[in-house]
Amino acid sequence: MTTKHAQPNRFIRLPEVIHLIGLSRSQIYKMQSEGSFPRSVRLSERSVAWHEFEVLHWMDQRRHLFPTAYAN
């Protein structure tokens, strides 16, 4: 039997994004404007969030680009 791994399907707000990736707010928005970080999604007039699976995918891509940075 084949089991599919469920992708996280939730929105995460900026404090959690910062905690997950370890970069500052300004760096996240700079990379987003350059196209090197996932785009945020507007939840309301004054609130944005990111798709968790897109942020996790971005993290996996970084691990493949810089494998020695993640070696212990």
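Contact here means heavy atoms within 4.5 Å of one another. In this sense, the buried residues of helix H2 pack against H1, S3 and H3. All views show a predicted model.

**View 1. Overall arrangement of helices and strands.** The protein contains 3 helices and 3 strands, which follow one another along the sequence in the pattern β-α-α-β-β-α. Of its 72 residues, 24% count as buried. The accessible surface of the protein comes to about 5,800 Å², and carbon and sulfur atoms contribute 52% of this surface. Among the contacts in the protein with a separation of 6 or more, 41% are accounted for by residues 24 or more positions apart.

**View 2. The largest nonpolar core.** This core consists of 12 residues. Its members are Ile12, Leu14, Val17, Ile21, Ile28, Met31, Phe37, Val48, Trp50, Val55, Trp58 and Met59. Four elements each give two or more residues to the core: helix H1 (14-21), helix H2 (25-34), strand S3 (47-51) and helix H3 (52-65). Each member of the core is buried, because burial, at under 20% relative accessible area, is part of what defines such a core.

**View 3. Strand S3 and its two partners.** Strand S3 is mostly covered, with 4 of its 5 residues buried. Strand S1 (residues 11-12) runs antiparallel to S3 and is joined to S3 by 2 bridges. In this pairing, Phe11 stands opposite His51 of S3. Strand S2 (residues 41-44) also pairs with S3 in the antiparallel sense, here over 3 bridges. Ser44 stands opposite Ser47 of S3, and S2 and S3 form a hairpin with 2 residues between them. As background to this view, side chains in a regular strand alternate between the two faces of the sheet.

**View 4. The buried and exposed faces of helix H2.** The buried residues of H2 are Ile28, Met31 and Gln32. When the helix is seen down its axis, these buried residues fall within an arc of 105 degrees, so they line one face of H2. An α-helix has 3.6 residues a turn, so residues three or four places apart point the same way. Ile28 and Met31 of this buried set also belong to the largest nonpolar core. The face of H2 turned away from the buried side carries the exposed residues Ser26, Ser33 and Glu34. Just after H2, Gly35 takes a positive phi of about 85 degrees.

**View 5. The surroundings of Gln32.** Gln32 has its place in helix H2. With a relative accessible area of 7%, Gln32 lies under the 20% limit and is therefore buried. When neighbours within four places in sequence are left aside, Gln32 is in contact with Phe37, Pro38, Arg39, Ser40 and Trp50. Of these contact partners, Phe37 and Trp50 are members of the largest nonpolar core.

**View 6. The salt-bridge network around Arg10.** The protein has 4 salt bridges by the rule applied here, and two that involve Arg10 are shown in this view. The side chains of Arg10 and Glu16 meet in a salt bridge at 2.6 Å, N to O. Both residues of this pair count as partly exposed: Arg10 has a relative accessibility of 39%, and Glu16 has one of 29%. Arg10 also forms a salt bridge with Glu52, in which the closest N and O atoms are 3.0 Å apart. Because Arg10 lies in the segment before S1 and Glu52 in helix H3, this pair ties together parts that are 42 residues apart in sequence. Glu52, at 11% relative accessibility, counts as buried.

**View 7. A salt bridge within helix H2.** Lys30 forms a salt bridge with Glu34, the closest N and O atoms being 3.5 Å apart. The two residues are 4 residues apart in helix H2, so about one helical turn separates Lys30 from Glu34. Lys30 is partly exposed, with a relative accessible area of 45%, whereas Glu34 is one of the exposed residues on the face of H2 turned away from its buried side. Elsewhere in the protein, salt bridges that share partners join Arg10, Glu16 and Glu52 into one network.

Conventions:
Residues are numbered from 1 along each chain as its sequence is written. This is a predicted model: local features need pLDDT of at least 70, side-chain atom pairs count only at pLDDT 80 or more; totals for chains, interfaces and linings use all residues. Side-chain values use heavy atoms; hydrogens and water are left out. A nonpolar core is a set of buried Ala, Val, Leu, Ile, Met, Phe, Trp, Tyr and Cys residues joined through side-chain atoms within 4.5 Å. Buried means under 20% relative accessible area, exposed over 50%, partly exposed in between (1.4 Å probe, protein chains only). Accessible areas come from the Shrake-Rupley method with a 1.4 Å probe; for residues, only the protein chains shown count as cover. Two strands pair if DSSP finds at least two bridges between them. The arc is that of the directions from the helix axis to the C-beta atoms.
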